[in-house]
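Work through the exercises below with the sequence and the three-dimensional model side by side. Try each task before reading its solution.

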Amino acid sequence: MDWIQIAGHVGAFLSSITFIPQVYKVWKTKSVQDLSLAMMLIVASSTLIWLVYGIALMLWPVILANGFIFFLSLLLIYFKFAYSKK
């Protein structure tokens, strides 16, 4: 594995874990008041497009990172609706 592949895998890993603290905080506190639904919808849409791109070109770092981020963003969108005060 050359340095550019290593950089791709490291970047994919770091991108993938960016949403974990937010998901954990929302899950523990059940507070979604400050969570922007518009931002989460944009993130979900963009990662879905990146996922399709990665699958089309069989780019594993892109597939793994964006698949995981897409899942986490969907989870936050679910939390936004499930935990919102009515």
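Four exercises follow, each with a worked solution.

The model is predicted, with local features read only at pLDDT of at least 70 and side-chain atom pairs only at pLDDT 80 or more, while totals for chains, interfaces and linings use all residues. Residues are numbered from 1 along each chain as its sequence is written, and side-chain values use heavy atoms, with hydrogens and water left out.

**Exercise 1. Describe the overall fold and the confidence of the model.**

Step 1. Begin with the secondary structure, in which helices (H or I, at least four residues) and strands (E, at least two) are DSSP runs numbered from the N terminus. The protein has 4 helices and 0 strands, and along the sequence the pattern reads α-α-α-α.

Step 2. Turn to the extent of the C-alpha trace, which spans about 50 × 20 × 15 Å along its principal axes.

Step 3. Check the pLDDT, the predictor's confidence in each residue from 0 to 100. The average for the protein is 93, and 99% of the residues score at least 70. Among the elements, helix α1 (residues 3–17) has the lowest mean, 90, and α3 the highest, 96. This check is worth making, because where pLDDT is low, the predicted coordinates should not be read in detail.

**Exercise 2. Test the length of helix α3 and find its buried side.**

Step 1. The expected span of a helix is 1.5 Å times one less than its number of residues. Helix α3 (residues 37–57) has 21 residues and should therefore span 30 Å, which agrees with the 30 Å between its end C-alpha atoms.

Step 2. Sort residues by relative accessible area, where buried means under 20%, exposed over 50%, and partly exposed in between, with a 1.4 Å probe and protein chains only. In α3, the residues M40, V43, A44, T47, L51 and G54 are buried. They cover an arc of only 100° around the axis, so they lie on the same side of α3; this arc is that of the directions from the helix axis to the C-beta atoms.

Step 3. Recall the general rule: an α-helix has 3.6 residues a turn, so residues three or four places apart point the same way.

Step 4. Look at the face of α3 turned away from the buried side, which carries the exposed residues I42, I49, V52 and A56. What covers the buried residues includes α4.

**Exercise 3. Describe the surroundings of N66: is this residue buried or exposed?**

Step 1. Locate N66 in helix α4 (residues 60–83). N66 has a relative accessible area of 11%, and is therefore buried.

Step 2. List its contacts, meaning heavy atoms within 4.5 Å. Leaving aside residues up to four places away in sequence, N66 touches T47, W50 and L51.

Step 3. Look for a polar contact, a pair of N or O atoms within 3.5 Å in which, within protein, one must be able to donate a hydrogen and the other to accept it, and residues adjacent in sequence count only if both atoms are side-chain atoms. A polar atom of the N66 side chain lies 3.0 Å from the backbone oxygen of V62.

**Exercise 4. Examine the positive phi angles of K30 and M58.**

Step 1. Start from the expectation that most residues other than glycine have a negative phi.

Step 2. K30, in the loop between α2 (20–29) and α3, has a positive phi of about 60° although it is not a glycine. With a relative accessible area of 41%, K30 is partly exposed.

Step 3. M58, in the loop between α3 and α4, has a positive phi near 55°. At 48% relative accessibility, M58 counts as partly exposed.
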